[in-house]
Amino acid sequence: MMIINFIGISLIVLIIWWFWLYKPNNVVATSTDVLIEVKEGVYSPASLQVTANHAITLSFLRKDPSPCSETLLIPSLDISEQLTLNKVTKIHLQNIPPGEHVFHCQMQMYKGVITAVE
C-alpha cells in the first residue's frame, strides 16, 4: 500500500513539474535561421531569444509522429502551420514586435516561447 501511494504522489509531482514548473533553457538566436526540432513531446529549443523588429526564419523539423505535433500555432503573430513528419517546415517572421510570443500545438501540450528584445 505504501509503495502505491509513493508512486502515485511521485507521478503527481512529475506532472506538476512538467506542465507548470519546467522552464527550458533560453537560446539566443545568433543567425537569421533557427532549427527547432519537434520530438519526444517537446520543442528543442523551446525558449528562443531574437532581436525585435528584425526578420528571422524558424525551421521546424518534426520527428514526432504524434498527431498533436502536427500543428504549430503562434497566436500573437497570427500563425498556424502544418508540420510535415521528417521534413523541415520554414516559417518566415518579419519585424517581430518586442515581447513574448508563445508557440504551441493545438492542444498546448508542446510549448515554446519566442522572446523578442530590442
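In this predicted model, Glu-100 stands opposite Thr-115 of strand β10. The two strands concerned, β9 and β10, run antiparallel and are joined by six bridges. They form a hairpin with six residues between them. Within that turn, Gln-108 has a positive phi of about 60°.

Thr-115 also has a partner on another strand: Gln-49 stands opposite Thr-115 in β10. Here the pairing is between β4 and β10, in the parallel sense, over five bridges. Strand β10 thus pairs in the parallel sense with β4 and is joined in the antiparallel sense to β9. Strand β10 covers residues 111-117 and is mostly covered itself, five of its seven residues being buried.

The residue after Glu-100 merits a closer look. His-101 belongs to strand β9, which spans residues 99-104. Is His-101 buried or exposed? His-101 has a relative accessible area of 5%, and because buried means under 20%, this residue counts as buried. What surrounds His-101, leaving aside its neighbours within four places in sequence? Its contacts include Gly-112, Val-113, Ile-114 and Ala-116, and also Ile-74, Ser-76, Leu-77 and Ile-96. With Ser-76 there is also a polar contact between the side chains, at 2.8 Å.

Ser-76 and Leu-77, both in contact with His-101, lead on to Asp-78. Asp-78 is placed in the loop between β6 (71-74) and β7 (79-82). The phi of Asp-78 is positive, about 55°, although the residue is not a glycine. Its relative accessibility is 74%, and since exposed means over 50%, Asp-78 counts as exposed.

A second loop residue with a positive phi is Glu-40, in the loop between β2 (33-39) and β3. Its phi is near 50°, and Glu-40 is likewise a residue other than glycine. With a relative accessible area of 72%, Glu-40 is exposed.

Farther along the chain, the connection between β3 (42-44) and β4 (47-51) is a loop that holds Pro-45. Which residue does a cis peptide bond join to Pro-45? The partner is Ser-44, and omega of this bond is about 5°. Beyond this loop comes β4, the strand that pairs with β10 over five bridges.

Notes: Residues numbered from 1 in each chain as written. Predicted model: local features only at pLDDT ≥ 70, side-chain atom pairs only at ≥ 80, totals over all residues. Heavy atoms only, no water. Helix = DSSP H or I, 4+ residues; strand = E, 2+ residues; numbered from the N terminus. Buried < 20%, exposed > 50% of the residue type's maximum accessible area, 1.4 Å probe, protein only. Polar contact = N/O pair within 3.5 Å; in protein donor to acceptor, adjacent residues only side chain to side chain. Contact = heavy atoms within 4.5 Å. Pairing = 2+ DSSP bridges.
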